[in-house]
Every structure is written in C-alpha cells, then in structure tokens.
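Student: Please take me closely through one pocket of this model, and then show me how its surroundings connect to the rest of the fold.

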Amino acid sequence: MSITIDQLFIGRVQPMLPEGGPTGIYKAAVAGRVMLTSSGLEGDEQGDLRHHGGPHKALHHYPVEHYALLAEEWPHCAGLAGAGVLGENISTRGLTEHDVFIGDIYRIGEARVQLSQPRSPCWKIDRRLGADKASRFVEAAGITGWYYRVLTPGTIAAGDRIELEERPNPWLSVAHYWDSITAHRPDPALFRRIAEAPGLAPDKAERCRDRAAWLEQNGA
C-alpha cells in the first residue's frame with residue numbers, strides 16, 4: 001500500500017471561540033520539509049495535553065473525502081469543511097479507516113510511524129464547524145481519522161509517499177476497532193483480543209481489558 005500526502009498542516013495554540021479556551025485545532029498548510037519527532041511535528045502545538053498530543057498521538061491523519069459528508073450533513077459549513085479544518089497534520093485522498101489497521105507501520109519520507117489509535121471526536125469539532133452534534137455524527141459514522149506514534153524521527157513533507165512496511169493485525173482495521181469499542185454489548189473475548197493487538201496505544205489496551213472484565217462480571 002502506498003499513497004501520497006496531499007497537504008501537511010501545523011498550528012500554534014490559539015483561543016477557541018466563543019469561550020476562549022486554548023486549542024491547537026487551527027492549522028495551516030506548510031510547504032517544505034518538517035521535522036517529525038516522537039512528540040510530533042516541529043512547530044505544531046496542542047492546547048489540551050490531557051486529550052491531545054503525546055507519544056501515542058504524535059501525528060494526526062484525516063481523510064479529506066470525509067469533509068464532503070460533513071458538508072452534506074450541514075450545508076451551511078460547506079465553505080469551511082476542507083483539509084486541515086479539524087486539526088489534522090496529514091491530509092490524503094483514497095485512504096480511509098477501512099484501509100488502515102491498528103499497529104500498521106509506515107514509512108513517510110525519512111520517518112517511520114505506527115498507527116496507534118483512532119481519534120476520539122470531541123466538542124471542539126462542533127465549535128470549529130459551527131454545527132451542533134457534529135462530533136456525534138463523526139463518531140456514529142466512524143469518520144474519525146487516526147493517530148501515529150513515531151518509531152524513527154525524520155523529515156516529512158507534502159508529496160511524500162506513505163508506504164506500508166508491516167501489518168501485525170490484519171484483522172483489526174481502524175473501522176473494525178471503532179465499531180467494536182462503540183458497540184452496546186460486545187463480546188468480552190473480542191475486547192481481550194483487541195487489548196493484546198501489537199501497537200495499540202497502552203491506555204486503549206487497558207480500557208479494553210477493563211471493559212472485558214466488566215462485561216464478564218455483568219453477564220454480557
């Protein structure tokens with residue numbers, strides 16, 4: 001599997017209107033090569049480090065074609081909904097949550113990265129688009145995008161190829177993972193299997209084990 005980065009985005013922390021709290025969702029396209037380290041792209045910032053950023057959320061990838069679904073659902077934001085608007089670092093076309101898998105290892109430019117988890121939609125999506133319940137729509141539709149951890153630092157740029165090197169979990173696409181964790185009464189055995197998937201972010205693996213234990217104790 002190989003696909004090209006269409007655009008690369010970074011951004012500094014800014015006030016999130018109308019409340020004014022800090023956010024890193026506002027990003028701009030950059031030309032040229034940017035250094036990718038274990039904490040993310042140089043020059044990129046996050047406003048809420050409890051829920052964004054860190055080694056297991058170093059790089060955010062979002063498929064540009066999802067914006068057409070958002071614009072169809074909320075026509076008033078059609079002019080706004082486009083690459084970079086939801087705070088992603090990487091924008092591509094032709095690669096969705098059905099095509100990528102938890103634990104996948106990719107070469108991007110000089111760097112190597114591993115897919116660690118999907119993005120969890122939050123209220124900032126509503127504010128950014130000016131659309132109530134947009135985050136719920138993103139969650140229900142499974143158009144979340146995903147995060148990478150950085151295995152080998154290096155520079156990346158728009159136009160670089162994203163090339164698959166390893167796929168340790170060919171049964172666990174991001175779409176399947178998302179459908180599983182959002183199911184009402186899933187099979188606890190599936191949660192235990194997901195928790196052991198190589199490359200899954202440690203906190204997500206722990207949540208899967210905890211959910212499996214709860215389901216087993218409560219007669220799922």
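Tutor: Gladly; we will start with the pocket, move on to its walls, and then visit some other places in the fold. This is a predicted model, in which local features need pLDDT of at least 70 and side-chain atom pairs count only at pLDDT 80 or more, while totals for chains, interfaces and linings use all residues. Residues are numbered from 1 along each chain as its sequence is written, and side-chain values use heavy atoms, with hydrogens and water left out.

The second largest pocket holds about 180 Å³ of space. A pocket here is an open set of points on a 1 Å grid where a 1.4 Å probe fits, with protein on both sides within 12 Å along at least five of seven lines, and lining residues have an atom within 4 Å of a point. Its lining is made of Ser120, Tyr177, Trp178, Ile181, Thr182, Phe191, Lys204, Arg207, Cys208 and Arg211. By character, that lining splits into 5 nonpolar, 2 polar and 3 charged residues. In this count, Tyr and Cys are nonpolar, and Lys and Arg are charged.

Two helices each bring at least two residues to the lining: α4 (174-181) and α6 (202-217). The bigger giver is α6, which supplies the most, 4 residues. Helices are DSSP runs of H or I with at least four residues, and strands are E runs of at least two. Cys208, one of the lining residues, is buried because its relative accessibility is 3%; the cut-offs are under 20% for buried and over 50% for exposed, with partly exposed in between (1.4 Å probe).

As for the cysteines in general, a search of the whole structure turns up 0 disulfides (pairs of cysteine sulfur atoms within 2.5 Å). Cys122, for example, is in no disulfide, and the nearest cysteine sulfur, that of Cys77, is 16 Å away.

Now look at α4 from the inside. Its buried residues are Val174, Ala175, Tyr177, Trp178 and Ser180. Tyr177 and Trp178 therefore appear both in this buried set and in the pocket lining. An α-helix has 3.6 residues a turn, so residues three or four places apart point the same way. The buried residues of α4 pack against β11 (111-118), α3 (134-141), β12 (146-152), α5 (188-195) and α6.

Just before this helix, Trp171 sits in the loop between β14 (161-166) and α4. Trp171 is partly exposed, as its relative accessibility is 24%. Its contacts (heavy atoms within 4.5 Å), leaving aside residues up to four places away in sequence, are Phe101, His176, Leu190, Arg193, Ile194 and Ala197.

One of the partners of α4, the strand β12, holds Tyr148. With 0% relative accessibility, Tyr148 is buried. Its contacts beyond four places in sequence include Pro55, His56, Leu59, Tyr106, Val113 and Leu115. From Tyr148 to Ser173 the separation is 25 residues in sequence and 14 Å in space, C-alpha to C-alpha.

That brings us to the interior. In soluble globular proteins, nonpolar side chains tend to be buried together. The largest nonpolar core (buried Ala, Val, Leu, Ile, Met, Phe, Trp, Tyr and Cys joined through side-chain atoms within 4.5 Å) has 34 residues. Leu36, Leu41, Leu59, Ile108, Val113 and Ile156 have the most contacts inside this core. Elements giving two or more residues to this core are β2 (7-10), β6 (34-37), β10 (105-108), β11, β12, α4, α5 and α6, so the two helices of the pocket wall take part here as well. Apart from this core lies another, of 15 residues, among them Val64, Leu70, Trp74 and Ile143.

Ile143 leads to His66, which touches Thr96, Glu97 and Ile143, not counting residues up to four places away in sequence. His66 is in helix α1 (residues 66-73) and is buried, because its relative accessibility is 6%.

Finally, compare a residue at the surface. Lys133 lies in the loop between α2 (123-129) and α3, and its 53% relative accessibility makes it exposed. Although it is not a glycine, Lys133 has a positive phi of about 70 degrees. The helix α3 that follows this loop is also among the elements packed against by the buried residues of α4, which takes us back to the pocket wall.

How values were computed:
Grid points are joined across faces, edges and corners, and a volume is the space filled by probe spheres set on the points.
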